[in-house]
Amino acid sequence: MTDVELRDPAFTERYRAIAARDSRFDGQFYTAVRTTGIYCRPSCPARTPKAENVRFYLTSAAAHEAGFRACKRCLPEAAPGTPAWDLRRDLTGRAMRLVADGVVDREGVSGLAQRLGYSERQLHRLLVGELGAGPLALARAQRAQTARTLLVGTSLRLADVAFAAGFGSIRQFNDTVAEVFGATPSELRARARRGGRSGAGEIGRSHRDRSVNGPVTAQATDLGDGRLGGAGSEPMRISLTLPVREPFDARGVLEFLAVRAVDGVESADLGAGVLRYARTVVLPHGPGAFEVRVPRPGSGRVDLDLELADLADAPVAVARVRRLLDLDADPVAVDTSLAADPVLAPSVAAVPGIRVPGTLDPAELLVRAIVGQQISVAAARTHLTRLAHGVGTPYVSAFEGLTRLFPTPRQIAGPPGPGSGGGPGAEDGSAYLRLPARTLATVLGAARDLADGTLMLSVGDDPDELRRRLVARPGIGPWTAGYVALRVLGDPDVLMDGDVALLSGARNLGLVSTEASRPHQFKELALRGAVWAPWRSYAAMHLWRSA
């Protein structure tokens, strides 16, 4: 460590965090120690190393590439992810969101580069310069993290773990685990069981695989006579524990999803006991479903049961559930910033750790947003339920209340052909959406373009470019574009233009003048909201809650 680096304010801040063993920074950077050859999470209980022996990395992949291995004591791979990739609007943030969604494993580096609009060489150079690791190393680190989670949190056979984590061979799996964690896969599993650690949250207790009605192993579980999307294949079942930064407003994020839940596609139970939310989902290798449960407030964990057509979808499903529930947020940073506004502070104190719900499927979210334009949440839910039952694919699940998949864009648009939906006699979603003609045309047009690839949405989109493309379409305005950016990209700094519910919440909290005209109130809210940057999306959740 040079004198220049020691004087760097970022180094000083991070070193102060590791000296305090501050768990808030776990997953946001990694501490590598030159004298031991290991890297740790900031809260590692080991003795704080001397500053001159420390290197800080933004990703575990960069630490791997520099020749360090994971600490066996603090298990840095088990920390929650970082919110930095949602905060960053640059190439690095977009790339990291796509890597987490498994794009490199499915499409290779060439596919990632094509999505981002760069050559493979340019992309590699830029990511190494920013993060210290290229796309392949970043994807490899994610596979290692997934493998470790499955090894210590499930009873899957080692070969199944290797396959589910995305490794191309058993040898590659063994070599990577040994290199990153300094142990064989069997040793890693045995050590975790002796220590009573869970698969992902490292919460100090063992975690058993569960079926709906009792304990099972996490190997190919027979769920009875159920079929998967009509395919007749037997789904695989695994159970995991996801780490989350506290405070975590679990009830708030699940209530947001529950009131918008499409019957048959989603199911929720928010009673006095365990909070529960389940839904069906289409993954890269086939349809599936999941159920999340939050056993008690402040536990620092979310229990996740997965029902998969293919084990290879496990890491993608986990990543998408984490985005759906905003589990990688930094609630302390958000709450501290928003509480600085004295008018917003009481709401922050009443609901600490508020989250911004994401989405599992960008195309589905766009359809939902268009259907929900200028109607109530309850009315939109009624339309979408009719649509799902009309053209969605039946699905039989072991999870209570799940009977259908949300319709694909092709199912909504109908078979290709002349007209708004399809050929003569072709069934599309128009019969089930009793919407104004303009809104219906917008839904069918978006679905048709999503189906044929004319319109593409992904977590790797540039926020400004995404808004520009959406607003350029007939029937889509700034509100819809902002809502899609907020939930698809996890953009933390969106305050939707013209949102009546936001304005109502702002009036309730005393943030705008109740005597002024509505246009003036919207301007007043926009000016007031400037001080909430870069967390205006979280402020919006407080306003919606107040409304």
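A salt bridge here is a side-chain nitrogen of Lys or Arg within 4 Å of a carboxyl oxygen of Asp or Glu. R381 and D263 meet that test, with their closest N and O atoms 3.2 Å apart. The model is a predicted one, and it holds 33 salt bridges. Here's a quick tour of the chain, its empty spaces and a few contacts worth a look on screen.

**The chain overall**

- You're looking at 547 residues, of which 54% are buried.
- DSSP-style bookkeeping gives the protein chain 24 helices and nine strands.
- Take the contacts between residues at least 6 apart in sequence: 66% of these join residues at least 24 apart.

**The second largest pocket**

- This pocket has a volume of about 1,100 Å³.
- Its lining runs to 44 residues, and D361, P362, A363, L457 and S458 are the ones closest to the centre.
- Elements giving two or more residues to that lining include α5 (91-100), β7 (275-283), α16 (362-371) and α19 (437-452).
- Helix α6 gives the most to the lining of this pocket, at six residues.
- Sorted by class, the pocket lining comes out as 22 nonpolar, eight polar and 14 charged residues.

**Cavities**

- Rolling a probe the size of a water molecule over the atoms shows where empty space is left.
- Searching the whole structure turns up four cavities of 30 Å³ or more.
- The largest cavity has a volume of about 1,000 Å³.
- There are 49 residues around the largest cavity, with G81, A100, Q142, Q145 and D328 closest to its centre.
- Two or more lining residues of the largest cavity come from each of α3 (60-65), α4 (84-87), α5, α8, β5 (236-243) and α13.
- Helix α8 gives the most there, with seven residues.
- That lining splits into 28 nonpolar, 11 polar and 10 charged residues.
- The second largest cavity holds about 60 Å³ of space.
- Among the residues that line the second largest cavity are P83, D86, D326, D328, W535 and Y538.
- By class, the second largest cavity is lined by five nonpolar, one polar and four charged residues.

**Salt bridges**

- R381 sits in helix α17 (residues 377-391), while D263 is in the loop between α12 (250-259) and β6 (266-269), so their salt bridge ties together parts that are 118 residues apart in sequence.
- R381 is partly exposed, at 26% relative accessible area, and D263 is partly exposed too, at 39%.
- D175 and R171 pair up in a salt bridge of 3.9 Å, N to O.
- Both D175 and R171 belong to helix α10 (residues 170-181), where they are four residues apart, about one turn of the helix.
- An α-helix has 3.6 residues a turn, so residues three or four places apart point the same way.
- R171 counts as exposed because its relative accessible area is 65%, over the 50% cut-off.
- D175, at 44%, is partly exposed.
- D461 and R469 form a further salt bridge, the closest N and O atoms being 3.2 Å apart.
- D461 counts as buried because its 13% relative accessibility is under the 20% cut-off.
- R469 counts as partly exposed, with a value of 22%.
- R237, R276, E291, R293 and D305 are joined into one network by salt bridges that share partners.

**Around S43**

- Look for S43 in the loop between β2 (38-40) and β3 (54-57).
- S43 is buried, at 18% relative accessible area.
- Its side chain makes a 2.7 Å polar contact with the side chain of D26.
- Setting aside neighbours within four places in sequence, S43 is in contact with R21, D22, S23 and D26.

**Helix α9**

- In α9 (residues 158-165), the buried residues are D160, V161, A162, A164 and A165.
- Those buried residues pack against α8 (135-153), α10, α11 (185-195) and α13.
- Just after α9 comes G166, which takes a positive phi of about 100 degrees.

How values were computed. Residues numbered from 1 in each chain as written. Predicted model: local features only at pLDDT ≥ 70, side-chain atom pairs only at ≥ 80, totals over all residues. Heavy atoms only, no water. 1 Å grid on protein atoms, 1.4 Å probe; cavity = no way out; pocket = protein on both sides within 12 Å on 5 of 7 lines; lining within 4 Å. Points joined across faces, edges and corners; volume = space filled by probe spheres on them. Nonpolar A, V, L, I, M, F, W, Y, C, P; charged D, E, K, R; others polar. Buried < 20%, exposed > 50% of the residue type's maximum accessible area, 1.4 Å probe, protein only. Polar contact = N/O pair within 3.5 Å; in protein donor to acceptor, adjacent residues only side chain to side chain. Contact = heavy atoms within 4.5 Å.
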